[in-house]
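Biologist: Please take me through the ligand site, the salt bridges and the surface of this model. I will ask and you answer.

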Amino acid sequence: MTILHIDSSINGENSVSRVLTRSIVDQLRAADPKADVIVRDLANEPLPHLTLEAFSDSSTVDEFLDADTVVIGAPMYNFTLPSQLKAWIDRVLIAGKTFRYTADGPEGLVGGKRVMVAVSRGGFYDDASALEHVETYLKGAFGFIGITPEFVHADGIAVGPEQREAGIANGLLEIERLAA
Ligand SMILES: Cc1cc2nc3c(=O)[nH]c(=O)nc-3n(C[C@H](O)[C@H](O)[C@H](O)COP(=O)(O)O)c2cc1C
């Protein structure tokens with residue numbers, strides 16, 4: 001099994017989404033000690049903004065397609081995902097490669113892949129929150145290419161120390177449930 005581990009938080013060791021992605025990858029490795037893990041740290045080694053020229057380089061989408069499981073850290077910055085992670089998405093949603101347009105509408109071309117997303121947010125959100133554009137966006141974007149992602153959440157991180165601990169504990173509990 002190949003695991004692609006993607007982080008995008010700018011907060012280094014203080015990052016909550018990184019705690020959660022590490023925990024997910026640890027659990028996946030415990031279940032399959034021979035798994036290969038490829039790490040992409042989009043904060044420390046950012047992809048440039050998309051350009052027309054970038055379409056001729058398929059290395060990012062090929063790495064995504066080659067992975068069996070993709071683990072993504074998705075902190076909320078200004079109500080949506082970090083631009084570093086958006087730059088990665090821009091290289092993965094490729095017409096003719098991960099989706100295509102047909103007479104019946106768009107069709108996702110990616111199947112048989114597990115995508116697990118760790119969402120960390122300063123406040124509290126649910127699917128109905130008007131300003132929630134992390135989980136809703138990633139659900140839509142991955143759904144478009146044929147994948148139903150699994151989400152774990154750490155909310156209330158910026159509210160105070162107790163809420164931060166409770167948010168992390170909730171994320172770790174959701175990870176255990178996913179592994180069970
Ligand atoms: C630049 C920046 C923008 C943020 N914007 C929001 C926001 O719009 N809504 C929110 O609830 N929290 C916001 N936060 C708080 C983060 O979502 C929260 O700290 C979360 O833990 C970030 O994930 P990380 O710890 O993995 O970096 C923001 C934090 C930063 C650094």
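Modeller: Buried means under 20% relative accessible area, exposed over 50%, and partly exposed in between, with a 1.4 Å probe and protein chains only. This is a predicted model, in which local features need pLDDT of at least 70 and side-chain atom pairs count only at pLDDT 80 or more, while totals for chains, interfaces and linings use all residues. Residues are numbered from 1 along each chain as its sequence is written, and side-chain values use heavy atoms, with hydrogens and water left out.

Biologist: Is lysine 97 buried, partly exposed or exposed?

Modeller: Lysine 97 has a relative accessibility of 35%. The limits for the middle class are 20% and 50%. Because of its 35%, lysine 97 counts as partly exposed.

Biologist: Which residue forms a salt bridge with lysine 97?

Modeller: A salt bridge is a side-chain nitrogen of Lys or Arg within 4 Å of a carboxyl oxygen of Asp or Glu. Lysine 97 lies in the loop between helix H3 (83-90) and strand E4 (99-102), and its partner is in helix H2, so the pair ties together parts that are 35 residues apart in sequence; helices (H or I, at least four residues) and strands (E, at least two) are DSSP runs, numbered from the N terminus. The partner is partly exposed, with a relative accessible area of 26%. The closest N and O atoms are 3.1 Å apart, and the residue is aspartate 62.

Biologist: How far apart are the closest N and O atoms of glutamate 107 and arginine 100?

Modeller: Side chains of opposite charge can pair when their charged atoms come close. Glutamate 107 is partly exposed at 33%, and arginine 100 is partly exposed at 41%. The two form a salt bridge, with a closest N to O distance of 2.8 Å.

Biologist: Which residue pairs with arginine 121 in a salt bridge with closest N and O atoms 2.6 Å apart?

Modeller: Arginine 121 sits in the loop between strand E6 (114-120) and helix H4 (135-144), and is buried at 3% relative accessibility. The partner is in the loop between strand E7 (150-154) and helix H5 (161-179), 34 residues apart from arginine 121. The partner is buried too, with a relative accessible area of 14%. The residue is aspartate 155.

Biologist: Which residues are linked with Arg121 and Asp155 in a network of salt bridges?

Modeller: The structure holds 11 salt bridges. Besides Arg121 and Asp155, the network has Glu132, Glu135 and Lys139.

Biologist: How much of the accessible area of the ligand does the protein cover?

Modeller: The ligand is surrounded by 16 residues, each with a heavy atom within 4 Å of it. Polar contacts are pairs of N or O atoms within 3.5 Å: side-chain atoms of serine 9, serine 120 and tyrosine 77 lie 2.6 Å, 2.7 Å and 3.4 Å from an oxygen atom of the ligand. On its own the ligand has 620 Å² of accessible area, and the part covered by protein is 78%.

Biologist: What is the area of the nonpolar surface patch made by Leu50, Leu52 and Phe55?

Modeller: Patches take residues with over 30% relative accessible area and no salt bridge, joining like charges within 9 Å and nonpolar side chains (Val, Leu, Ile, Met, Phe, Trp, Tyr) within 5 Å. Leucine 52 is in the loop between strand E2 (36-41) and helix H2 (59-66), and counts as exposed because its relative accessibility is 71%. By the Shrake-Rupley method with a 1.4 Å probe, the patch has an area of about 320 Å².

Conventions:
Polar contact = N/O pair within 3.5 Å; in protein donor to acceptor, adjacent residues only side chain to side chain.
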